[in-house]
Amino acid sequence: MINMIILIAGDFAVGKDTFADELTTQMHYRGMDSHKILSKTTRNPRYKDENTHIFTDKLEYQIDFLDQQILAETQIANNYYWTTKKQFNHDYNIYVVDSKGVTDMEKTHHTCFKILIERQNNKKTPRTQRKRHTEWDNNIKYNYIINNNSTIENLKKQTQLVIKAIKLYEQDLQKIRDKKYDILINHVLNNHLKNKNNKKGE
């Protein structure tokens with residue numbers, strides 16, 4: 001099982017969820033086992049039938065915390081937002097996060113593919129929030145950066161290029177794994193031959 005985590009970060013109202021939904025759909029079309037992860041949260045839904053999060057309570061947060069199930073978490077306006085290890089059970093797990101979430105996931109999962117969606121001169125975003133996100137993002141090395149200064153349709157078209165980048169990244173990871181495996185096998189064989197030669201000399 002691949003179990004890759006694809007993190008999508010970016011400023012307010014740049015199209016992160018729109019891109020995540022389209023990426024999940026396009027991966028499904030290609031037979032890739034992809035799934036968009038929804039964060040659990042203790043906040044109330046903002047409108048009827050809101051499906052952007054899994055709405056729950058602080059008791060569930062405490063249970064997940066005590067069971068050491070939490071992978072990433074943040075707190076906004078006295079509400080908890082978090083995800084658990086059990087949620088990431090697909091080959092390609094697509095997760096919209098803030099930059100703290102990116103940092104948290106990197107600590108626990110080493111095959112994260114990190115995407116940043118940015119928009120220059122985003123007038124919809126308060127200046128203080130733009131500044132805060134810019135400072136955070138400068139400390140993170142992203143695998144792919146999307147400059148979304150156009151329409152939603154053009155943003156969706158970026159999914160084709162991102163999927164290609166993900167596949168190349170996956171191939172690079174496999175090469176690293178194969179190299180580590182070869183080193184391990186050679187180490188085991190050398191030790192075996194060394195022990196065999198020592199027995200002959202006894």
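**View 1. Order of elements along the protein chain.** In this predicted model, the elements run β-α-β-β-β-α-β-β-β-α-β-α-β-α from the N terminus on. The secondary structure comes to five helices and nine strands. Both ends of this series are set by the order: a strand opens it and a helix closes it.

**View 2. The open five-stranded sheet.** Five strands make up an open sheet. Their order is 2-7-1-8-9. The pairing is parallel. Strand 2 (34-37) and strand 9 (144-147) stand at the edges. Each has a single partner strand, so one side of each is left without a neighbour in the sheet. From one strand to the next, the twist averages 20°.

**View 3. Strand 2 against strand 7.** Which strand does strand 2 join through four bridges? The partner is strand 7, residues 92-96. The two run parallel. One of the pairs can be named: serine 34 has tyrosine 92 in strand 7 as its bridge partner. Strands of a sheet pair through backbone hydrogen bonds, in either a parallel or an antiparallel way.

**View 4. Burial and surface of the protein chain.** The protein chain has 202 residues, and 40% of them count as buried. Its accessible surface comes to about 13,000 Å². Carbon and sulfur atoms hold 51% of that surface.

**View 5. Contacts across the sequence.** How much of the contacts with a separation of 6 or more comes from residues 24 or more positions apart? In the protein chain, such residues account for 71% of these contacts.

Note on methods. Residues numbered from 1 in each chain as written. Predicted model: local features only at pLDDT ≥ 70, side-chain atom pairs only at ≥ 80, totals over all residues. Heavy atoms only, no water. Pairing = 2+ DSSP bridges. Axes fitted to C-alpha atoms, helices over the stretch in contact; angles between N-to-C directions. Buried < 20%, exposed > 50% of the residue type's maximum accessible area, 1.4 Å probe, protein only. Contact = heavy atoms within 4.5 Å. Areas by Shrake-Rupley, 256 points an atom, 1.4 Å probe, with all protein chains shown as cover.
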